[in-house]
Amino acid sequence: MEILKLNSINKFYGENHALKDLSFSVKKGEVVVILGPSGCGKSTTLRCINGLEKIQSGTMEILGVKIDKDFKNWREIRQKVGMVFQSYELFDHLNVMKNVTLGPMKVEGISKDEAEKRAKFWLKKVGLIQKAYAHPKELSGGQKQRVAIVRALCMNPEIMLFDEVTAALDPEIVREVLDVMLSLASEGRTMLIVTHEMAFARAVADKIIFMDKGVIVETSTPDEFFTNPKTDRAKKFLNMFEFKK
Ligand code: ADP
């Protein structure tokens, strides 16, 4: 079953044609990783999928809902499409528990008890239950990012979008965030991930989409992509990372 399907999506920022006839799909339980050089349209793709950016043409189908450029009901979609950003976007004046229970209480109308139960389950799972009543400023970047992941999980999303969630973290704490994502993947969660962590991409992905200049250049299995990329553009891209096979 397809959770997400993009059909010939075009996105312009003024004159800049950022996404060109983009088509791909993500099935239930699948982990799809989008790779590509900076500025190729990875982040724009994720932002179009949850309505943070408007598309100019093409259609999407998200959990059976048909979406075109005039679609308005993004609230309904965002309940089911969790997104985690590079910059955490936590409320600094609220403690962790409040940050992660606010959404479910407001959107689903569940009780505080119920929301806290759910929050504790996920905080335990990512190793942060002891920080449940801490404020974001008392947390490291890696901890904040794990809280941001918990906040998304507490909404019971059908698919999770990750936009370079480790790019702002110190190298030594990148691992703790990637491990959380690997464990979600192993539990069968549907995820669409943008990352520059090549070894992680290879380990986590069922499918790699390689983009350049707003188009999908190749779609492959991780093994194929990392050992035998089909295009020169992909080869050049991989060379930049000195990826160890
Ligand atoms: P990536 O995530 O692959 O680095 P982006 O999706 O951020 O790429 O950017 C794709 C293209 O769209 C780039 O040319 C970028 O400069 C442009 N772009 C991205 N966001 C905006 C914006 N908010 N306004 C104008 N142009 C943008």
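When I say contact in this talk, I mean heavy atoms within 4.5 Å. Before going further, I should say that this is a predicted model, in which local features need pLDDT of at least 70 and side-chain atom pairs count only at pLDDT 80 or more, while totals for chains, interfaces and linings use all residues. Residues are numbered from 1 along each chain as its sequence is written, and side-chain values use heavy atoms, with hydrogens and water left out.

Let me start with Glu53, which sits in the loop between H1 and strand S4 (57-62); helices here (H or I, at least four residues) and strands (E, at least two) are DSSP runs, numbered from the N terminus. If we set aside its neighbours within four places in sequence, Glu53 is in contact with Lys11, Tyr13, Arg47 and Cys48. With Lys11 there is a polar contact from side chain to side chain, at 3.3 Å, where a polar contact is a pair of N or O atoms within 3.5 Å and, within protein, one must be able to donate a hydrogen and the other to accept it, residues adjacent in sequence counting only if both atoms are side-chain atoms.

That brings me to helix H1, residues 42-49, of which 6 of 8 residues are buried, meaning under 20% relative accessible area, against over 50% for exposed and partly exposed in between, with a 1.4 Å probe and protein chains only. The buried residues are Lys42, Thr44, Thr45, Leu46, Cys48 and Ile49, and just after the helix Gly51 takes a positive phi of about 80 degrees.

What surrounds the ligand? Its shell, counted as residues with a heavy atom within 4 Å, includes Tyr13, Asn16, Cys40, Lys42 and Thr44. Ligand oxygen atoms lie 3.1 Å from a backbone N or O atom of Cys40, 2.8 Å from a side-chain N or O atom of Lys42 and 2.5 Å from one in the side chain of Thr44. The protein covers 60% of the 560 Å² of accessible area that the ligand has on its own, by the Shrake-Rupley method with a 1.4 Å probe, where for residues only the protein chains shown count as cover. The largest share of the shell, 3 residues, comes from H1.

Now to the sheets, where two strands pair if DSSP finds at least two bridges between them. One open sheet has 6 strands in the order S6-S7-S8-S3-S9-S10, with mixed pairing. Strand S6 (81-84) and strand S10 (215-220) are at its edges with a single partner strand each, so one side of each is left without a neighbour in the sheet. Strands S7 (residues 159-163) and S8 (residues 191-194) run parallel and are joined by 4 bridges, with Asp163 opposite Val194 in S8. H1 lies across S3, S6, S7, S8 and S9, at about 145 degrees to S7; axes are lines fitted to C-alpha atoms, for helices over the stretch in contact, and angles run from 0 to 180 degrees between N-to-C directions. Helix H5 (residues 141-153) lies across S6 and S7, at about 170 degrees to S6.

The other open sheet I want to show has 4 strands in the order S2-S1-S4-S5, with antiparallel pairing. Strand S1 (residues 2-13) pairs with S2 over 8 bridges, and Leu4 has Val26 in S2 as its bridge partner. H1 packs on this sheet as well, touching S1, S2 and S4, with its direction at about 65 degrees to that of S2.
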